[in-house]
Amino acid sequence: MPTTTKLQQWELRAAFALRLASLYGDEVPAYNTLVDVSREVNEDFIRRNGEDAERLGSVERVTAERHGAIRVGSPRELSQVSRIFAAFGMHPVGFYDLRDASKSSVPVVSTAFRPVDPQELAKNPFRVFTSMLAHDDRRFFDEETQHQLERFVGARTLFPDELLDLADKSAEEGGLDGNEAERLLELATSSFKLSPTPVDHDWYFKLEAISAVAADIGGVPSTHINHLTPRVLDIDDLYARMQARGITMIDEIQGPPHWEGPDILLRQTSFRALAEERTFRHADGGIRPGSLRVRFGEVEQRGIALTEKGRNLYDRMVAEVDSWLAASPVVTSRAEIAEQVWRKHLPGTEQELALQDLAYFTYRLANTAPVGHTVSASLRELVEAGILVPEPIVYEDFLPRSAAGIFQSNLTDDGSRDDGQTGTPYDINRLSEVLGRRIFDPNELYSAQRSESLAQAQRTLGITITDIPSNK
Ligand code: OOG
Ligand code: NI
């Protein structure tokens with residue numbers, strides 16, 4: 001008889017998310033307000049919308065749902081962090097290059113660690129947006145600064161060996177027993193705690209003049225959570241309630257607008273970074289208090305995942321909003337313009353999003369499903385006849401432009417960059433090499449879910465569906 005029960009990866013993941021939330025709530029109390037208001041918003045939304053409210057995720061999932069953001073300084077640190085997340089069943093998905101997504105100086109490339117299996121996502125979808133400093137990118141760092149960064153980051157230890165060993169064991173064995181699980185959680189959580197070690201003043205501010213993000217990563221002796229983000233079902237409501245409480249939010253909600261049709265992708269907003277006390281070590285040897293503003297609170301509302309075709313349409317719509325706004329910046333707001341652009345181009349129903357292959361859905365067989373004696377039918381026929389019911393696949397990833405907007409909205413200064421220099425080439429393959437494991441392509445994951453459900457429908461109905469979308 002086993003004396004200790006083994007904790008599965010999803011249980012470890014749920015516990016890890018909770019511990020980070022309690023750590024971050026202690027460090028940044030405004031985060032607790034955000035979580036309280038998010039809960040109120042969700043409860044009211046569910047009261048107003050009944051069952052429909054759970055269309056994009058169960059109440060249990062959405063209430064527990066968080067994403068975190070962390071930043072590391074080197075390929076070595078990134079590969080270590082990826083071993084830690086693997087212990088919790090979180091795998092790298094997607095590549096985001098924020099260096100070009102922003103006019104400010106944001107010298108990072110990123111991926112997100114998250115569960116990839118739909119059942120695992122349903123149990124606990126905790127995900128962490130993880131950025132690595134591109135310290136060798138000449139547009140931001142000259143040779144001397146690059147070497148200083150390499151020395152500084154190379155000399156620190158973010159994650160103790162004991163943590164990495166336990167993490168590898170959990171990844172291999174699919175979880176850990178009680179005592180080891182506790183130790184893993186303790187060590188993993190404390191490696192994201194804000195360090196009390198004094199910050200080298202001159203080094204930090206040398207980096208900050210180049211990029212506040214670079215200073216937050218390479219100017220301090222350890223790493224920390226940058227933000228934790230609860231999920232809400234109505235972000236407009238959340239925004240209004242936070243303002244009403246006197247909390248200054250960034251100017252607008254990033255991503256798609258509010259409109260009467262289906263929610264797509266991801267809408268996000270945040271409150272501004274708050275001043276936090278830190279101690280600094282000065283050139284004269286003195287240690288004195290000061291403050292930094294780098295950490296903030298963010299909130300998000302998730303919509304349906306778009307196919308490549310849908311994503312291209314999305315990008316065209318965003319471009320249309322931009323050019324329209326540039327032509328009439330004073331009279332109209334981005335949100336109003338976007339709402340009109342959405343109405344003009346995007347189908348107003350989930351069913352059409354599915355049938356025009358703009359967004360990802362799985363297909364459920366209706367309880368009463370007589371197909372007759374046919375051997376084949378099109379997806380449109382089956383859906384319009386009510387035989388197959390499209391169920392939306394929620395977008396589990398991030399948007400580079402919103403991410404850049406979130407980074408940027410919290411910078412007091414644009415920093416400096418020299419676009420005459422050539423940037424270090426990074427893409428999903430190069431970052432996969434750094435991680436030592438393949439980064440999943442989000443579209444492949446969504447598309448596999450759709451294909452599986454359609455294959456199942458064909459088997460059950462005993463017919464061929466003629467127009468199954470084949471690509472991503
Ligand atoms: C990450 C910013 C990106 C999001 O939600 O898009 C992000 C960071 O500030 O480190 O978290
Ligand atoms: Ni975020």
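Arg83 counts as partly exposed, at 26% relative accessibility, and in this predicted model the residue is found in helix H4, which covers residues 75-87. Its C-alpha atom is separated by 9.8 Å from that of Ser170, although the two positions lie 87 residues apart along the chain count. The points below turn from this helix to the nickel site, to the surroundings of ligand 1, and then to individual loop residues.

**The nickel site**

- The nickel ion (ligand 2) is coordinated at 2.1 Å by three side chains, with NE2 of His67, NE2 of His227 and an OE atom of Glu298 as the donors.
- Along the chain, the donors of the nickel ion (ligand 2) follow the spacing H-x159-H-x70-E; His67 belongs to strand S2 (residues 66-72) and His227 to strand S8 (residues 227-230), so this pair ties together parts that are 160 residues apart in sequence.
- Both histidines, His67 and His227, are buried.
- The remaining donor, Glu298, lies in strand S12, and Glu298 counts as buried because its relative accessibility is 2%, where the cut-off for a buried residue is under 20%.
- Measured against a residue elsewhere in the chain, Glu298 is 24 Å from Gly89, C-alpha to C-alpha, and the two are 209 residues apart in sequence.

**Ligand 1 and its shell**

- Which residues surround ligand 1? The shell is made up of His67, Ala69, Arg71, Phe129, Asn226, His227, Gln268, Glu298, Phe398, Ala403 and Phe407.
- The nickel donors His67, His227 and Glu298 therefore reappear among the residues around ligand 1, for which the cut-off is a heavy atom within 4 Å.
- The largest share of this shell, three residues, comes from strand S2, and S2 and helix H16 (400-409) each supply at least two of the residues around the ligand.
- Polar side-chain atoms of three shell residues approach oxygen atoms of ligand 1: an N or O atom of His227 is 2.9 Å from an oxygen of the ligand, an N or O atom of Gln268 is 2.8 Å from an oxygen of the ligand, and a polar atom of Glu298 lies 2.9 Å from an oxygen of the ligand.
- Taken alone, ligand 1 exposes 320 Å², and the protein buries 100% of that area.
- The space that ligand 1 takes up is the largest cavity.

**Arginines in loops**

- Arg295 is found in the loop between strand S11 (287-293) and strand S12 (297-302), and Arg295 counts as buried because its relative accessibility is 0%.
- The side chain of Arg295 reaches the backbone oxygen of Ile225 at a distance of 2.9 Å.
- Arg139 occupies the loop between strand S5 (127-133) and helix H6 (143-155), where Arg139 counts as buried at 10% relative accessibility.
- A polar contact of 3.0 Å joins the side chain of Arg139 to that of Asp100.

**Positive phi values outside glycine**

- Leu265 is a residue other than glycine with a positive phi, near 50°, and Leu265 lies in the loop between helix H11 (235-244) and strand S9 (266-271).
- Is Leu265 buried or exposed? Leu265 is buried, since its relative accessible area is 1%.
- Asp357 is not a glycine either, yet its phi is positive at about 55°; Asp357 is found in the loop between helix H14 (350-355) and strand S13 (361-365).
- With a relative accessible area of 15%, Asp357 is buried, because the cut-off for that class is under 20%.

**An exposed proline**

- Pro196 is found in the loop between helix H8 (178-190) and strand S7 (199-200).
- Pro196 is exposed, with a relative accessible area of 72%, the cut-off for an exposed residue being over 50%.
- Pro196 and Phe280 are 84 residues apart along the chain, and their C-alpha atoms are separated by 10.0 Å.

Conventions. Residues are numbered from 1 along each chain as its sequence is written. Chains are lettered from A and ligands numbered from 1 in the order in which they are written. This is a predicted model: local features need pLDDT of at least 70, side-chain atom pairs count only at pLDDT 80 or more; totals for chains, interfaces and linings use all residues. Side-chain values use heavy atoms; hydrogens and water are left out. Donors are N, O and S atoms within 2.8 Å of the metal (3.2 Å for Na, K and Ca); water is not among the atoms, so sites may look incomplete. Helices (H or I, at least four residues) and strands (E, at least two) are DSSP runs, numbered from the N terminus. Buried means under 20% relative accessible area, exposed over 50%, partly exposed in between (1.4 Å probe, protein chains only). A polar contact is a pair of N or O atoms within 3.5 Å; within protein, one must be able to donate a hydrogen and the other to accept it, and residues adjacent in sequence count only if both atoms are side-chain atoms. Accessible areas come from the Shrake-Rupley method with a 1.4 Å probe; for residues, only the protein chains shown count as cover. On a 1 Å grid over the protein atoms alone, a cavity is a set of points where a 1.4 Å probe fits but cannot get out, and a pocket is an open set with protein on both sides within 12 Å along at least five of seven lines; lining residues have an atom within 4 Å of a point. A molecule sits in a cavity or pocket if more than half of its atoms lie within 2 Å of its grid points.
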